[in-house]
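Colleague: Got a minute to go through this model with me? I'd like to know what sits inside and how the charges pair up.

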Amino acid sequence: MIQRKQTIFLILAVLLALAVVFLRLRWIDALQCLTAVISGYAIFQYKKRIFQARLCIAAIVTVLFWYVGVAVLESQVTTIEALPMVEAILILMARKGILDDEKLVQSMDRIR
């Protein structure tokens with residue numbers, strides 16, 4: 001559902017992950033491709049909110065693994081390495097929105 005704010009955050013995270021892949025073009029960026037795939041898949045799991053939130057955690061973990069790989073392999077840091085941090089923040093914001101939706105649905109179920 002495109003009208004949800006978390007969908008917008010996840011789309012932006014996918015675009016940032018793909019931007020990092022195309023700007024850097026190194027083998028470690030396969031983790032960024034994985035992050036883009038996980039975030040993109042999470043967009044379409046809007047009926048399963050808990051699973052969608054878990055996918056967000058998986059995407060954040062892959063971003064963290066990417067940072068560890070970059071820190072081990074490269075000594076210099078460029079501005080491109082800041083993009084995945086923004087990506088992780090967007091995914092966290094999407095996860096918060098997903099969990100807020102789940103709380104709303106649960107409160108509506110209690111009213112019925």
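Modeller: Sure, let's take the core, the cysteines and the salt bridges in turn.

Colleague: What should I know before trusting any numbers?

Modeller: This is a predicted model, so to speak of local features we need pLDDT of at least 70, side-chain atom pairs count only at pLDDT 80 or more, and totals for chains, interfaces and linings use all residues. Residues are numbered from 1 along each chain as its sequence is written, and side-chain values use heavy atoms, with hydrogens and water left out.

Colleague: OK. How many residues are in the largest nonpolar core?

Modeller: There are 16 residues in it, and Leu 10, Cys 56, Leu 90 and Ile 91 have the most contacts inside it. By nonpolar core I mean buried Ala, Val, Leu, Ile, Met, Phe, Trp, Tyr and Cys residues joined through side-chain atoms within 4.5 Å. Buried is under 20% relative accessible area, exposed is over 50%, and partly exposed is in between (1.4 Å probe, protein chains only).

Colleague: Which elements give two or more residues to this core?

Modeller: α1 (5-24), α2 (30-43), α3 (49-73) and α4 (83-111). The largest share, five residues, comes from α3. Helices here are DSSP runs (H or I, at least four residues; strands would be E, at least two), numbered from the N terminus.

Colleague: And what does Leu 90 touch?

Modeller: Leaving out residues up to four places away in sequence, Leu 90 touches Phe 9, Leu 12, Ala 13 and Leu 16. Contact means heavy atoms within 4.5 Å. There's also a second, separate core of five residues, which includes Val 20, Ile 28, Trp 66 and Ile 80.

Colleague: Back to α3. How many residues does it have, and what covers its buried ones?

Modeller: α3 has 25 residues and reaches 36 Å from first C-alpha to last, close to the expected 36 Å. That expectation is 1.5 Å times one less than the number of residues. Its buried residues include Cys 56, Ile 60, Val 63 and Trp 66, and the cover over the buried ones includes α1, α2 and α4.

Colleague: How many disulfides are there?

Modeller: Zero, taking a disulfide as two cysteine sulfur atoms within 2.5 Å.

Colleague: Why is Cys 33 not bonded to Cys 56?

Modeller: Because the sulfur of Cys 33 is 18 Å from the one in Cys 56, its closest cysteine sulfur, and that is too far for a bond. Cys 33 is partly exposed at 31% relative accessible area, whereas Cys 56 is buried at 1%.

Colleague: Switching to charges: how many salt bridges does the structure hold?

Modeller: Five, where a salt bridge is a side-chain nitrogen of Lys or Arg within 4 Å of a carboxyl oxygen of Asp or Glu. One of them pairs Arg 49 with Glu 102 at 2.8 Å, N to O. That pair links distant parts of the chain, with Arg 49 in α3 and Glu 102 in α4, 53 residues apart.

Colleague: Is Glu 102 buried or exposed?

Modeller: Buried, at 14% relative accessibility.

Colleague: What about Asp 100 and Lys 96?

Modeller: Their side chains meet in a salt bridge at 3.0 Å, N to O. They are four residues apart in α4, so about one helical turn separates them. Asp 100 is partly exposed at 29%, while Lys 96 is exposed at 53%. Elsewhere, salt bridges that share partners join Arg 24, Asp 29 and Glu 81 into one network.
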